[in-house]
Amino acid sequence: MEASFPRARGRRNRSHEGRRILVAEHELKASDLIAPLFLTEGVNICEPIESIEGYNRLSVDLAVKKAEEWRALGIVSTLLFVKVPDSKKDNMGKEALNPDGLMQKAIRALKKAIPEMVVFSDVALDPYSTYGHDGIVDSDRILNDETNEVLAQMALSHAEAGVDYVAPSDMMDGRIQVIRDALEEHGYTDTGIMAYSAKYASGFYGPFRDALDSAPGFGDKKSYQMDYRNVKEAVREAQMDEREGADIIMVKPGMPYLDVVRAVAEKVSLPVAAYNVSGEYAMIKAAAEKGWLDEDAAMIESLMAFKRAGAGLIATYWAEKAAKFID
Ligand code: PBG
């Protein structure tokens, strides 16, 4: 039987710092954090991203320097996104397959300069799409199986460049299997897949779409990204991706979806990651700027909440700040 007051007093274990450290159930490490990196073409370019405060779009040379700084802080992984000039966009994502494209160049440069850094690459058509959609568009439909073929080619070209994990963020059905089969067939047996298994159609992606100029040109993403009324469906998506050959399962967004993180973490045996997305970051940044809350406190509390919910990995724009804080 549970003891009751006054024999039981919850405050005994909280009464000073040493005791609190001793009984803490969760810990946040710099190596839990995946730092997103936004790339742009050119040399020595650092363009501030207004909507993701403190973040810049970097050319490959500066991106390597940034990743070296992160590595020195104990961050071991980075997730790459590219901004593609309009002149290179089309409906089929042709530029995504360019072996000398920005993503491929960045992967090569990062793995050469910092081989121990774990490099994740975003795999989806939206930054390359004239329509800003994650798949090939046919009048008002987003084609599934045709898109999968392009995603598999894209994954292969990232694997060829030496990426550690491809990260399909598109939510097409069956893409993990198609990508896994392509990697196996071509001998890339060690290339990992971090599947955005439960990615919701969310209002919290706004600042990111600004950063990459990737907002959908028509309609929304609800025919492929998940409906936020559902949680069982997230578990099913994660289990399918697990069977199809994923190595890490991602839930996105993060903070408003911690119940989903928990549900997925209980039902899959693969590592679970959560994406603390741009809108979540922007809310706290904006409130802190107004002096309404303390950014460091809200940041660490939020990141710890991901761990508590069952995410071992957290993709976050706070990676650098949090790593310094932990240090
Ligand atoms: C698209 C993609 C998005 C994000 C990561 N990959 C936006 C979208 O689905 O429109 C959002 C990340 C963030 O908001 O921080 N493939």
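Student: What phi does glycine 187 take, just after H5?
Tutor: Glycine 187 has a positive phi of about 85 degrees. H5 is a helix, meaning a DSSP run of H or I with at least four residues, while strands are E runs of at least two, both numbered from the N terminus. This is a predicted model, where local features need pLDDT of at least 70, side-chain atom pairs need 80 or more, and totals for chains, interfaces and linings use all residues. Residues count from 1 along each chain as its sequence is written, and side-chain values use heavy atoms, leaving out hydrogens and water.

Student: Okay, which residues of H5 are buried?
Tutor: In H5 (residues 175-185), they are Arg175, Ile176, Ile179, Arg180, Ala182 and Leu183. Buried means under 20% relative accessible area (1.4 Å probe, protein chains only).

Student: Why do they line one face of the helix?
Tutor: Looking down the axis of H5, the buried residues fall within an arc of 165 degrees, so they share one face. The arc uses directions from the helix axis to the C-beta atoms.

Student: And what covers them?
Tutor: The cover includes H4, strand S8 (165-168), strand S9 (192-199) and helix H7 (232-244), with contact meaning heavy atoms within 4.5 Å.

Student: New topic! How many residues surround the ligand?
Tutor: There are 17 (a heavy atom within 4 Å). Among the closest are Arg209, Lys252 and Tyr317.

Student: Which ligand atom does arginine 209 reach?
Tutor: An oxygen, 2.6 Å from a polar side-chain atom of arginine 209. A polar contact here pairs N or O atoms within 3.5 Å. Lysine 252 has a polar side-chain atom 3.2 Å from a ligand nitrogen.

Student: How much of the ligand does the protein bury?
Tutor: The protein buries 100% of the 400 Å² that the ligand exposes when taken alone (Shrake-Rupley method, 1.4 Å probe).

Methods
Polar contact = N/O pair within 3.5 Å; in protein donor to acceptor, adjacent residues only side chain to side chain. Buried < 20%, exposed > 50% of the residue type's maximum accessible area, 1.4 Å probe, protein only.
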